[in-house]
Amino acid sequence: MLEPTNSQNLIGSYKLSDTTQGLPNSNAPTLSSSASLAQLNVSVWTAKRLDKKATAQVAQANAAKTKAGNYNKNLLADCQELDALKKFVGNARNEHYAMTLPWSDMGLRLIPTAKLFDYRAHMDDMKMEFDRLTKSFLDVYSFEVSNAMATLGNMFSNDDYPPLYEVESKFRWRLTIQPLADADDFRISINDEQARVLKAEYDEFYGDAIRGAANDIWLRLKKNLETLVRQLDTKDNGKPNKLYDSVFDTAIDLVHMMRDFNLTNDTQMESVRQQLESALSGKNVEGLRHHMSARTETKNQVQQVLNSLPTLDF
């Protein structure tokens with residue numbers, strides 16, 4: 001909370017709503033009681049280093065200018081522990097994105113209060129696995145540096161490899177959960193006119209963020225259903241296309257997401273959810289692979305859902 005100022009043009013610390021009596025009420029939906037914001041920051045040591053000497057040699061060998069490209073050394077090219085860790089971090093970020101919706105350009109993601117416990121428990125499990133994989137890598141770091149001499153040959157330089165304690169400091173996992181503020185939640189020290197402007201600006205941001213979160217669901221749904229319809233279809237020779245479990249399972253997950261993330265009670269989203277749930281209810285990939293009539297019926301139903309999606313104004 002900001003401290004009160006002594007300026008006669010400003011008043012003390014107060015809620016924004018205290019200074020906007022008589023002003024038009026905000027039209028932005030209130031989500032503070034039904035959602036929170038999550039931010040995941042994960043850092044890893046990439047073990048990559050620009051080799052200026054090798055870059056110059058490659059450029060000279062190809063009669064090119066040095067700035068035409070760079071040669072980046074993979075310092076631990078044969079280290080399975082580091083490869084596993086980097087792959088895990090990529091998957092963890094993808095799961096974080098899949099379980100949340102975008103909220104701001106600063107990395108904050110929207111998570112419904114009803115799903116917060118499951119989300120936090122899942123991310124806590126992933127943090128434990130991150131710590132385990134990090135320890136496994138650090139345990140073999142010195143050995144892998146020795147192996148790198150054979151891998152890199154004349155490009156090896158011991159100066160490229162930080163001491164163990166410094167490498168350890170490059171691996172960090174931080175998950176932050178914070179409340180979602182409404183426009184009237186601020187405590188600030190500004191005059192009435194500034195408060196009016198700030199409230200309008202925040203309402204605009206708030207509305208854009210909500211629309212952005214909803215649009216993210218629509219985009220995921222559109223991409224998935226287009227793929228599902230294509231896989232449910234048949235080739236020119238009449239044989240069915242290959243249907244993947246992952247695509248069908250994602251469609252089921254999106255039915256749940258439209259239920260859990262419809263924080264503004266969007267009637268169109270609920271209608272689409274019900275249509276898709278009806279189209280997929282009681283069906284599975286194995287059955288659809290072997291029963292053409294059910295396959296065709298499902299494809300037509302999913303296509304109808306796809307046709308009912310809103311046209312996003314981007």
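**Exercise 1. Aromatic rings**

Find which residues the ring pairs link into a cluster with Trp45.

*Solution.*
Step 1. This is a predicted model. A search of the whole structure turns up 6 aromatic pairs.
Step 2. Take the pair of Trp45 and Phe137. Their ring centres are 6.5 Å apart and their planes meet at 40°. Planes under 30 degrees apart count as stacked and over 60 as edge-to-face, with the rest tilted. The pair of Trp45 and Phe137 is therefore tilted, at 40°.
Step 3. Place the two residues. Trp45 sits in the loop between strand E2 (35-43) and strand E3 (48-50), while Phe137 belongs to helix H3 (residues 113-152), so the pair ties together parts that are 92 residues apart in sequence.
Step 4. Check burial. Trp45 and Phe137 are both buried.
Step 5. Follow the ring pairs. They link Trp45, Phe137, Tyr141 and Phe171 into a cluster.

**Exercise 2. Two positive phi values**

Ala47 and Ala63 both have a positive phi. Decide for each whether the residue is buried or exposed.

*Solution.*
Step 1. Recall the background. Most residues other than glycine have a negative phi.
Step 2. Read the angles. Phi of Ala47 is about 60°. Phi of Ala63 is near 50°.
Step 3. Locate them. Ala47 is in the loop between E2 and E3. Ala63 is in the loop between helix H1 (52-61) and strand E4 (72-74).
Step 4. Apply the cut-offs. Buried means under 20% relative accessible area, and exposed means over 50%. Ala47 has a relative accessible area of 0%, so Ala47 is buried. Ala63 has 77%, so Ala63 is exposed.

**Exercise 3. The sides of helix H7**

Work out where the buried residues of H7 lie around its axis.

*Solution.*
Step 1. Take the dimensions. H7 (residues 267-280) has 14 residues. From first C-alpha to last, H7 reaches 20 Å, close to the 20 Å expected at 1.5 Å a residue.
Step 2. List the buried residues of H7. They are Met269, Val272, Arg273, Leu276, Ala279 and Leu280.
Step 3. Look around the axis. These residues cover an arc of only 130°, so they are on the same side of H7.
Step 4. Turn to the other side of H7. Thr267 and Ser278 are exposed there.

**Exercise 4. The largest cavity**

Describe the lining of the largest cavity by residue class.

*Solution.*
Step 1. Count the cavities. There is 1 cavity of 30 Å³ or more.
Step 2. Take its volume. The largest cavity holds about 40 Å³ of space.
Step 3. Name the lining. The residues are Leu75, Leu76, Ala77, Asp78, Cys79, Glu144, Asn147, Ala148 and Thr151.
Step 4. Sort them. The lining has 5 nonpolar, 2 polar and 2 charged residues.

**Exercise 5. The largest pocket**

Determine which helix gives the most residues to the lining of the largest pocket.

*Solution.*
Step 1. Start with the volume. The largest pocket has about 450 Å³.
Step 2. Go to the centre. Of the 14 lining residues, Ala98, Met99, Arg220, Asp253 and Met257 are the closest to the centre of the pocket.
Step 3. Compare the helices. H3 and helix H6 (245-260) each supply at least two residues of the lining. H6 gives the most, with 6 residues.
Step 4. Sort by class. The lining of the largest pocket divides into 7 nonpolar, 2 polar and 5 charged residues.

Technical notes. Residues numbered from 1 in each chain as written. Predicted model: local features only at pLDDT ≥ 70, side-chain atom pairs only at ≥ 80, totals over all residues. Heavy atoms only, no water. Helix = DSSP H or I, 4+ residues; strand = E, 2+ residues; numbered from the N terminus. Buried < 20%, exposed > 50% of the residue type's maximum accessible area, 1.4 Å probe, protein only. 1 Å grid on protein atoms, 1.4 Å probe; cavity = no way out; pocket = protein on both sides within 12 Å on 5 of 7 lines; lining within 4 Å. Points joined across faces, edges and corners; volume = space filled by probe spheres on them. Nonpolar A, V, L, I, M, F, W, Y, C, P; charged D, E, K, R; others polar. Expected span 1.5 Å × (residues − 1). Arc of directions from axis to C-beta.
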